[in-house]
Amino acid sequence: RTGASFAAHIGSMNANQEIDALKTFGFNPFDYLVLPRMFALVLMMPLLTIYSNVVGILGGMLVGAGVGIPPRLFWTEMLTTVDLTQASLGVFKSVFFGVAIAISGCLQGMHSGNSSAAVGQATTKAVVASITTIIILDSAFAVIFTILDI
């Protein structure tokens with residue numbers, strides 16, 4: 001969703017010739033349009049991952065309590081099952097996923113055409129490129145972590 005938003009916003013700026021105006025005034029569009037979005041995702045993806053992990057654990061604890069598992073037992077078993085290495089690897093991977101999403105969305109937006117239909121196509125391409133890149137990155141991380149026995 002974020003990559004699609006980036007592609008749509010930058011694509012509409014491209015269609016309205018705002019990017020050409022930046023170039024005419026001597027500004028590098030990459031510095032003003034791509035880098036802030038990339039830094040934002042690199043910073044926010046690990047925070048969102050940690051937040052999602054906490055909400056998932058609390059949700060599991062709530063469901064467990066609903067079926068008769070005491071929260072203290074759930075917490076103890078969760079700590080024995082999930083170690084710090086596994087949790088930190090997920091946060092580590094999220095940084096790379098954030099970069100992939102930002103690059104895919106911004107690249108498609110910068111290369112979109114000058115019509116509203118082209119902006120829509122760039123948005124769709126950004127979503128597909130982001131998902132494909134994340135699958136490839138996650139597969140590569142799985143291979144690397146398996147080789148390193150992590």
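Phenylalanine 141 is a good place to enter this predicted model: with a relative accessibility of 10%, the residue counts as buried, because the cut-off for that class is under 20%. Two ring pairs meet at this side chain, and both can be followed in the structure above. In the pair with phenylalanine 97, the ring centres are 6.5 Å apart and the planes stand at 75°, so the arrangement is edge-to-face. Phenylalanine 97 belongs to helix H5 and phenylalanine 141 to helix H6, so this pair ties together parts of the protein that are 44 residues apart in sequence. Both of these residues, phenylalanine 97 and phenylalanine 141, are buried.

The second pair brings in phenylalanine 92. Counted over the protein, there are 6 aromatic pairs. In the one formed by phenylalanine 92 and phenylalanine 141, the centres lie 5.9 Å apart and the planes meet at 70°, so this pair is edge-to-face too. Phenylalanine 92 sits in helix H5, which covers residues 84-110, and phenylalanine 141 sits in helix H6, so the contact joins parts that are 49 residues apart in sequence. Is phenylalanine 92 buried, partly exposed or exposed? Its relative accessibility is 41%, and phenylalanine 92 therefore counts as partly exposed. A wider view gathers these rings into one group: Phe92, Phe96, Phe97, Phe141 and Phe145 form one aromatic cluster.

Helices H5 and H6 are also linked by charge. Side chains of opposite charge can pair when their charged atoms come close. How many salt bridges does a search of the whole structure find? The search finds 1. The partners are aspartate 138 and lysine 93, whose closest N and O atoms are 2.8 Å apart. This pair links distant parts of the chain, with aspartate 138 in helix H6 and lysine 93 in helix H5, 45 residues apart. The two partners fall into separate accessibility classes. Lysine 93 has a relative accessible area of 18% and is therefore buried, while aspartate 138, at 31%, counts as partly exposed.

With this part of the structure in mind, the overall fold can be described. The protein contains 6 helices and 0 strands, and reading along the sequence gives the pattern α-α-α-α-α-α. The radius of gyration is 20 Å, well over the 15 Å that the globule rule gives for 150 residues, so the protein is more spread out than a compact globule. Along the principal axes, the C-alpha trace spans about 65 × 35 × 25 Å. Of the 150 residues, 29% are buried. The exposed surface of the protein comes to about 9400 Å², and carbon and sulfur atoms supply 70% of that area. Among contacts with a separation of 6 or more, 79% are made by residues 24 or more positions apart.

The end of helix H6 and the segment after it deserve a closer look. Isoleucine 150 is found in the segment that follows helix H6, the helix running over residues 116-147. Which residues does isoleucine 150 touch, not counting those up to four places away in sequence? They are Thr85, Leu89 and Phe145. Isoleucine 150 and leucine 89 are 61 residues apart in sequence, yet the C-alpha to C-alpha distance between them is 9.1 Å. Isoleucine 150 also takes part in a nonpolar surface patch with Val143, Ile144, Ile147 and Leu148, and together these residues have about 500 Å² of accessible area. One member of the patch, isoleucine 144, lies in helix H6 and is partly exposed, with a relative accessible area of 40%.

Two residues draw attention through their backbone angles. Aspartate 149, in the segment after H6, has a positive phi of about 55° although the residue is not a glycine. Its relative accessibility of 70% is over the 50% cut-off, so aspartate 149 counts as exposed. Glutamine 17 is also a residue other than glycine with a positive phi, in this case near 60°. Where is glutamine 17 found? This residue lies in the loop between helix H1 (2-15) and helix H2 (18-24). At 49% relative accessibility, glutamine 17 counts as partly exposed.

Note on methods. Residues numbered from 1 in each chain as written. Predicted model: local features only at pLDDT ≥ 70, side-chain atom pairs only at ≥ 80, totals over all residues. Heavy atoms only, no water. Helix = DSSP H or I, 4+ residues; strand = E, 2+ residues; numbered from the N terminus. Contact = heavy atoms within 4.5 Å. Patch = residues over 30% accessible without salt bridge, like charges linked within 9 Å, V, L, I, M, F, W, Y side chains within 5 Å. Areas by Shrake-Rupley, 256 points an atom, 1.4 Å probe, with all protein chains shown as cover. Salt bridge = Lys/Arg side-chain N within 4 Å of Asp/Glu carboxyl O. Buried < 20%, exposed > 50% of the residue type's maximum accessible area, 1.4 Å probe, protein only. Rg over C-alpha atoms; globule rule 2.2 N^0.38 Å. Phe/Tyr/Trp six-rings, centres within 6.5 Å; stacked < 30°, edge-to-face > 60°.
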